[in-house]
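Work through the following exercises with the sequence and the structure side by side. Try each task on your own before you read the solution beneath it.

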Amino acid sequence: MLNKRLNPILKVALAVALTLPVLLTITNGELQAASESTIVKPVALTPPPPEMESMQSLAPLTHIYKANGAVVPVGGLSVHVYTNTATYNQMKSLKVDYRLERWDGSTWIVYRSGTSTKSNTNVLKAHSDWTVISGYYYRVVSVHTAMDGSDTEKTTHISDTVLF
């Protein structure tokens, strides 16, 4: 009977023992809450890319009203790349070609890429989960295409950069 009551207590004690070092640090023999300085920040292996804000093609669009993409850190060296394309009306086909690019110190190189297509819709969301190399800057370049019979509209979006 005593053994059954101790089992949940031991589980809680083990969970606390495993998470406590993450939340607390010992400095000069004193127990303190972990600060942001204990969080490891990425160190760039290359100079940063030229300053550039998120960008979209400047051509006037008649069908596409939203076309964007982003690279989102999800922990460690894992990233979630997503794109979003939306049109005012249903199109025969929406397509997005997207690529995750890595800055090598002088130019952007394609690191990973993907394509997604959807028929008879006005919204296309595409995403990929990839692993990156630490110490580099990354961005997403996405080319969004809306096709409605003989009329084709295309725009390109470049995301902000993220250092891993």
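**Exercise 1: a pair of rings**

Tyr98 is buried, and Trp130 is buried as well; keep in mind throughout that the model is a predicted one.

Task: Decide how the rings of Tyr98 and Trp130 are arranged, and say which elements they link.

Solution. Begin with the count for the whole chain, which comes to 5 aromatic pairs. Next take the distance and the angle for one of them: the ring centres of Tyr98 and Trp130 lie 6.2 Å apart and their planes meet at 35°. Rings pair if their centres lie within 6.5 Å, and planes under 30 degrees apart count as stacked, over 60 as edge-to-face and the rest as tilted. The pair of Tyr98 and Trp130 is therefore tilted, with its planes at 35°. Finally, place the two residues in the chain: Tyr98 belongs to strand E5 and Trp130 to strand E6, 32 residues apart, and the pair thus links distant parts of the chain.

**Exercise 2: a ring cluster**

Task: Find out what kind of aromatic pair Tyr138 and Phe164 form, and whether each residue is buried or exposed.

Solution. The centres of the Tyr138 and Phe164 rings are 5.7 Å apart with 75° between the planes, and the pair is edge-to-face. This pair, too, links distant parts of the chain, with Tyr138 in strand E7 and Phe164 in the segment after strand E9, 26 residues apart. For burial, the cut-off is under 20% relative accessible area. Tyr138 counts as buried because its relative accessibility is 0%, and Phe164 counts as buried because its value is 6%. As a last step, add Tyr111, since ring pairs link Tyr111, Tyr138 and Phe164 into a cluster.

**Exercise 3: charges over rings**

Task: Identify which residues lie over the faces of Tyr111 and Tyr136.

Solution. Start with Tyr111, which has Arg112 over its face at 4.5 Å from the ring centre. Then turn to Tyr136, where Arg102 lies over the face at 4.7 Å from the ring centre.

**Exercise 4: the partners of strand E5**

Task: Work out how strand E5 pairs with E4, E6 and E7, and how many bridges join each pair.

Solution. Take E4 (residues 64-75) as the starting point: this strand pairs with E5 (residues 78-103) in the antiparallel sense over 10 bridges. One of the bridges joins Gly75 to Ser78 in E5. The two strands form a hairpin with 2 residues between them, and Gly76 in the turn has a positive phi of about 60°.

Continue with E6 (residues 108-131), which pairs with E5 in the antiparallel sense over 21 bridges. E5 and E6 also form a hairpin, here with 4 residues between them, and in its turn Gly105 has a positive phi of about 110°.

Then add E7 (residues 137-148), which is joined to E5 by 10 bridges and runs antiparallel to it. Ser93 shows how E5 meets two partners, for its bridge partner in E6 is Ser119, while its bridge partner in E7 is Met147.

**Exercise 5: the chain as a whole**

Task: Describe the order of the elements and how much of the chain is buried.

Solution. Count the elements, which come to 1 helix and 9 strands, and then read their order from the N terminus: α-β-β-β-β-β-β-β-β-β. Of the 164 residues in the chain, 32% are buried. The chain exposes about 10,600 Å², and carbon and sulfur atoms supply 57% of this area. Lastly, among contacts between residues at least 6 apart in sequence, 64% join residues at least 24 apart.

Methods
Residues numbered from 1 in each chain as written. Predicted model: local features only at pLDDT ≥ 70, side-chain atom pairs only at ≥ 80, totals over all residues. Heavy atoms only, no water. Pairing = 2+ DSSP bridges. Buried < 20%, exposed > 50% of the residue type's maximum accessible area, 1.4 Å probe, protein only. Contact = heavy atoms within 4.5 Å. Areas by Shrake-Rupley, 256 points an atom, 1.4 Å probe, with all protein chains shown as cover. Phe/Tyr/Trp six-rings, centres within 6.5 Å; stacked < 30°, edge-to-face > 60°. Lys NZ or Arg CZ within 6 Å of the ring centre and 35° of its normal.
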